Each structure stands twice: as structure tokens, then as C-alpha cells.
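I opened the notebook to look up a helix, some ring pairs and a pocket. The entries follow in the order in which I checked them.

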Amino acid sequence: GTRPRHATLLQSDVPEDLVVKYLDRFIIFYCETADRLQRTARWLESLEGGIEYLRNVIIDDKLGICADLEKQMDFLVSTYQCEWKTAIESPELLKHFR
């Protein structure tokens, strides 16, 4: 971007079993609340309450939505399909690339 920004620490000393859970929550919350094509730094700047608000939402479940955020990520992971792998493994689809 034109205004680079160094990382802002969401949380330190996170237990290993919670790292991915917090990241998943962050990603889904970002996807749901950011404007289309909005970079994470600009999104964080636009959040009322900034990083502290984000901590309250992602770590402390202030809005009571963390279970839903995790379900959404679980759904994405369980339904993910690599389109290129599918094309390579499907003779019918592979015909379109020869």
C-alpha cells in the first residue's frame, strides 16, 4: 500500500492451543466487517476502539459471536477445494486445458 504500517500486536503469550483459534476468529471477523478490498491496517484504524476493541471481540468474546466465527471457519476449511487439483484429477476438466 501507499501507507505501510508495522504490525500491531493483538495478544502476547497466547497458549499454543489458542493461537489458531484466535487467528480464525480474526480472519472471519475481518472478512465480515471490512469494506471490500480494505487492507487490514486501514480496517483496524476504522474500528471504533481500535486494537482494544478487537481484543475484546476476538479474545474476550465481548459480542458473544466467537462460536459463530469458529463455525464459519470450520465450514470454510471443511468445504475447501483446490480448483487446480480438481481440474488436474478430472479428465473431463483437463480437456479444457489441452
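**Entry 1: helix α4**

I began with the outward side of α4, where K71, D74, F75 and S78 are exposed. The model is a predicted one, and I read the entries below with that in mind.

I then turned to the other side of the helix and listed C66, L69 and M73 as buried. Looking down the axis of α4, I found the buried residues within an arc of 60°, so they line one face of the helix. I looked up what covers these buried residues, and the cover includes α1 and α3 (50-58).

For the length, I noted that α4 covers residues 66-79, which is 14 residues. From first C-alpha to last the helix reaches 20 Å, close to the 20 Å expected at 1.5 Å a residue.

**Entry 2: aromatic pairs**

How many aromatic pairs does a search of the whole structure find? I noted four. I describe a pair of rings by the distance of the centres and the angle of the planes.

I took F26 and W43 to begin with: their ring centres are 5.5 Å apart and the planes stand at 85°, so I entered the pair as edge-to-face. F26 belongs to helix α1 (residues 16-33) and W43 to helix α2 (residues 40-46), so the pair links distant parts of the chain, 17 residues apart. I checked the exposure of both partners. W43 is buried, at a relative accessible area of 1%, while F26 is partly exposed at 22%; the cut-off for buried is under 20%.

Next I looked at W84 and F97. Their ring centres lie 5.9 Å apart with the planes at 50°, so this pair is tilted. W84 sits in helix α5 (residues 83-89) and F97 in the segment after α6 (91-94), so the pair ties together parts that are 13 residues apart in sequence. I entered both as exposed: W84 has a relative accessible area of 62% and F97 one of 54%.

I also asked which residues the ring pairs link into a cluster. They are F26, F29, Y30 and W43.

**Entry 3: the largest pocket**

I looked up the largest pocket and wrote down a volume of about 520 Å³. I count 24 residues in its lining, and the closest to the centre are A7, T8, F26, T40 and L44. F26 thus appears here as well as in the ring cluster. I asked which helices each supply at least two lining residues, and noted α1, α2 and α3.

Definitions and conventions:
Residues are numbered from 1 along each chain as its sequence is written. This is a predicted model: local features need pLDDT of at least 70, side-chain atom pairs count only at pLDDT 80 or more; totals for chains, interfaces and linings use all residues. Side-chain values use heavy atoms; hydrogens and water are left out. Rings of Phe, Tyr and Trp (its six-membered ring) pair if their centres lie within 6.5 Å; planes under 30 degrees apart count as stacked, over 60 as edge-to-face and the rest as tilted. Helices (H or I, at least four residues) and strands (E, at least two) are DSSP runs, numbered from the N terminus. Buried means under 20% relative accessible area, exposed over 50%, partly exposed in between (1.4 Å probe, protein chains only). The expected span of a helix is 1.5 Å times one less than its number of residues. The arc is that of the directions from the helix axis to the C-beta atoms. Contact means heavy atoms within 4.5 Å. On a 1 Å grid over the protein atoms alone, a cavity is a set of points where a 1.4 Å probe fits but cannot get out, and a pocket is an open set with protein on both sides within 12 Å along at least five of seven lines; lining residues have an atom within 4 Å of a point. Grid points are joined across faces, edges and corners, and a volume is the space filled by probe spheres set on the points.
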